[in-house]
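Work through these exercises with the model open beside you. Try each task before you read its solution.

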There are 2 protein chains.
Amino acid sequence: MGPGPSDVSPRVLNAMARSTVGHLDPGFIGLMDETKELLQYAFKTNNALTMPVSAPGSAGMEAAFVNLIEPGDTVIVCINGVFGMRMRENVVRSGATAVVIEDEWGTQTDLNKLEEALKAHPEAKIVAFVHAETSTGVRNDAEKMCALARQYDCLTIVDAVTSLGGIELAVDDWQIDAIYSGSQKCLSCVPGISPVSFSDKALEVIKNRKTPVQSWFLDMNLIVGYWGQGGKRAYHHTAPVNSIYALHESLVMLHEEGLENAWARHARLHDKLVTGLEELGIEMAVDKAYRLPQLNVVRIPEGVDDAEVRGRLLNDYNLEIGAGLGAFAGKVWRIGLMGAACTDKNVDFCLAALKTVLK
Amino acid sequence: MGPGPSDVSPRVLNAMARSTVGHLDPGFIGLMDETKELLQYAFKTNNALTMPVSAPGSAGMEAAFVNLIEPGDTVIVCINGVFGMRMRENVVRSGATAVVIEDEWGTQTDLNKLEEALKAHPEAKIVAFVHAETSTGVRNDAEKMCALARQYDCLTIVDAVTSLGGIELAVDDWQIDAIYSGSQKCLSCVPGISPVSFSDKALEVIKNRKTPVQSWFLDMNLIVGYWGQGGKRAYHHTAPVNSIYALHESLVMLHEEGLENAWARHARLHDKLVTGLEELGIEMAVDKAYRLPQLNVVRIPEGVDDAEVRGRLLNDYNLEIGAGLGAFAGKVWRIGLMGAACTDKNVDFCLAALKTVLK
């Protein structure tokens, strides 16, 4: 019950342990096609360029930036936590200028600030932000932020590492241009693979670049030949075959439950957890209006030893909860309720363990 | 029995299906330390910076180039197959000038040409080459090439994707500065993870860069905080925990057999395969002096339909052999004898299947 990787279901682990076939094996192609369709379902998109990057979410992030940015571009980056800061790093390392909007950790990105930045920087090409900030437990208002960006002719890059499968997300309705996620959060798949999706508009931008993408490994112009439409697959790199078995199974499970049902489950168990935490005198660090159900950031009660409590939970209860990162280090815990780990049983267990340890 | 991924042993698949723990879990740290030590054994190195990159071999390649290259550098790239070409792509995309030495597919890199290039380009900082060319079945003379590069004060980047665990390789003795490999060849682990090692000299170069590494995800200055020495692990990205279980198990198996014994097994079964192929009238495409035992590139006999034979082997015998790539497309087959798939049984089976299908 940390901030991820979340507990992986035995179904996913078993799927992953199937015999490895070749990455160009005809039998593997069908699985790739299904994985694409299931990802389109999870992202609520018809984007043709929807696929898993063969590396963790951080590489999915980098794929979005290096493909869309050319040296000299301007990118507005909204920062209210660790992963917004990482976005800025990606912008700078791609040779672009980052215009930064900062909001306090634990609060949402301010739409007025974003609009001011868009007005002040008509040269901006992209707005980048994190949908679900794993470091703070805040949901940014992706729908409104994308609408605003579009009004000023900007493309959008959205970090959905922790949001996909846990809260409402609608790539096509919200007209997101580039989005990346992780396998190890609300999909409850093993870590190491990053679902991404690019709009047709983004794909046009990538196809019409004046400079090559700085990363060969992440160049979508090349990857599309392997993950693109139809039966023909051109070799690019050796896909992580077994991790794709696992991702496929986790997406089948999401589809069986139904995306909206999965969102509702996360919301319901979040409410249950919050009620229990409040009974223990533990306060939430984030306002109810934009709190993430799948990542509950709570203030460490006065006089309580952060590391000792986490150590006892891990050693005595085999229960992991997350430490605070960056500005939140030592001040908060992060309790994940993600995917297969988001169950009544886990909420009850976590509350009972905390109650004993905090006594 | 293609060019990889090779057959993965059930032991490795079972290890991979163990429950996912957190990437910062104290219980995972011990496994990381062991994985590092086992990789040092496999690479024959004491390099402190020895670890798996959390992505396929192509990303391992990119990690070597983007960390060592700064814009404006000159890199000598030796090309005699697909993967040398990919190296050149990496050099150019890292902002450096590539000085290319080309040799014919199926032959070794010519040491005289390399020395001429080193003399003509005193500004060269790095020599890059492929130890075992997976596209042609050629072993380049890594030991001599590294000695030559060092004589002219160049660092070396060596692609050992297909060589690690299959043929002699000695990172410290040969004074290789940066090396990367793949999990899915002679280690017979699942694809998707890339062992790398950097010499102390290379690490100094990386630490003293004037410009940031263009890839955040692959920046060794940051990754060293997670995979570095001691118990303290700073979060960089979420490691592919289950893939590391698998890599660890495959390295334990290599250690159990003994590195030199594994090399000898590949050599012995290669000889057996070649004898059998010659009895079937199938010629090797590469001279005996620099042939790879783990990747047997053979000429497709006159009048034989390439795709039909591979299709029948796959459908009737559940046996994959590889097609030719690039200049070798339609002209050769590539028969892998890698890691756990390098067995007497597989050699016999492959020869029997080919005999029937070619009748």
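**Exercise 1. A sheet in chain B**

In which sense do β10(B) and strand β12 (residues 332-336) of chain B pair, and over how many bridges? Then place the strands in their sheet.

Solution.
Step 1. Keep in mind that this is a predicted model. Strands of a sheet pair through backbone hydrogen bonds, either parallel or antiparallel.
Step 2. Look at the pair. β10(B) and β12(B) run in the antiparallel sense, and 5 bridges link them.
Step 3. Check the register. B:N296 stands opposite B:I335 in β12(B). B:V297 has B:R334 of β12(B) as its bridge partner.
Step 4. Widen the view. The sheet is open, has 3 strands and follows the order β10-β12-β11 in chain B, with antiparallel pairing.
Step 5. Find the edges. β10 (295-299) and β11 (322-323) of chain B each have a single partner strand, so one side of each lacks a neighbour in the sheet.
Step 6. Ask about cover. β10(B) is mostly covered, with 4 of its 5 residues buried.

**Exercise 2. A crossover in chain B**

Which helix does the chain pass through between β2(B) and β3(B), and what is the handedness of the crossover?

Solution.
Step 1. Establish the pairing. Strand β2 (residues 74-79) and strand β3 (residues 97-102) of chain B pair in the parallel sense over 6 bridges.
Step 2. Trace the connection. The chain leaves β2(B), passes through helix α4 (residues 82-93) of chain B and reaches β3(B). This β-α-β crossover is right-handed.
Step 3. Fix one point of register. B:V77 of chain B lies opposite B:V100 in β3(B).

**Exercise 3. Cysteines**

How many disulfides does the structure hold over all chains? Test the count on two cysteines of chain A.

Solution.
Step 1. Recall the chemistry. A disulfide is a covalent bond between the sulfur atoms of two cysteines.
Step 2. Take the count. The structure holds 0 disulfides over all chains.
Step 3. Test A:C154. Its nearest cysteine sulfur belongs to A:C78 and is 10 Å away. The cut-off for a disulfide is 2.5 Å. A:C154 is therefore in no disulfide. A:C154 is also buried, at a relative accessible area of 4%.
Step 4. Test A:C189. The nearest cysteine sulfur is that of A:C186, 13 Å away, and A:C189 is in no disulfide. A:C189 is buried too, with a relative accessible area of 0%.

**Exercise 4. Enclosed space**

How many cavities of 30 Å³ or more does the structure hold? Describe the lining of the largest.

Solution.
Step 1. Recall the method. Rolling a probe the size of a water molecule over the atoms shows where empty space is left.
Step 2. Count. There are 3 cavities of 30 Å³ or more.
Step 3. Size the largest cavity. It has about 40 Å³ of space.
Step 4. List its lining. Chain A gives A:S54, A:G192, A:P240 and A:S243. Chain B gives B:S54, B:P191, B:G192, B:P240 and B:S243.
Step 5. Sort the lining by class. It has 3 nonpolar, 6 polar and no charged residues.

**Exercise 5. Backbone geometry**

Which peptide bond in chain A is cis, with omega about 5 degrees? Find its counterpart in chain B, then examine residue 153 in each chain.

Solution.
Step 1. Set the expectation. Most residues other than glycine have a negative phi, and most peptide bonds are trans.
Step 2. Find the cis bond in chain A. It joins A:G4 and A:P5. A:P5 sits in the segment before α1 (10-16) of chain A.
Step 3. Turn to chain B. The bond from B:G4 to B:P5 is cis, with omega near 5 degrees. B:P5 lies in the segment before α1 (10-16) of chain B.
Step 4. Check phi. A:D153 has a positive phi near 60 degrees. B:D153 has a positive phi near 60 degrees as well.
Step 5. Place the residues. A:D153 is in the loop between α6 (142-151) and β7 (155-159) of chain A. B:D153 is in the loop between α6 (142-151) and β7 (155-159) of chain B.
Step 6. Judge exposure. The cut-off for exposed is over 50%. A:D153 is exposed at 72% relative accessible area, and B:D153 is exposed at 69%.

Terms used: Residues numbered from 1 in each chain as written. Chains lettered and ligands numbered in written order. Predicted model: local features only at pLDDT ≥ 70, side-chain atom pairs only at ≥ 80, totals over all residues. Heavy atoms only, no water. Pairing = 2+ DSSP bridges. Helix = DSSP H or I, 4+ residues; strand = E, 2+ residues; numbered from the N terminus. Right-handed = clockwise from strand over helix to strand, strands pointing away. Buried < 20%, exposed > 50% of the residue type's maximum accessible area, 1.4 Å probe, protein only. 1 Å grid on protein atoms, 1.4 Å probe; cavity = no way out; pocket = protein on both sides within 12 Å on 5 of 7 lines; lining within 4 Å. Points joined across faces, edges and corners; volume = space filled by probe spheres on them. Nonpolar A, V, L, I, M, F, W, Y, C, P; charged D, E, K, R; others polar.
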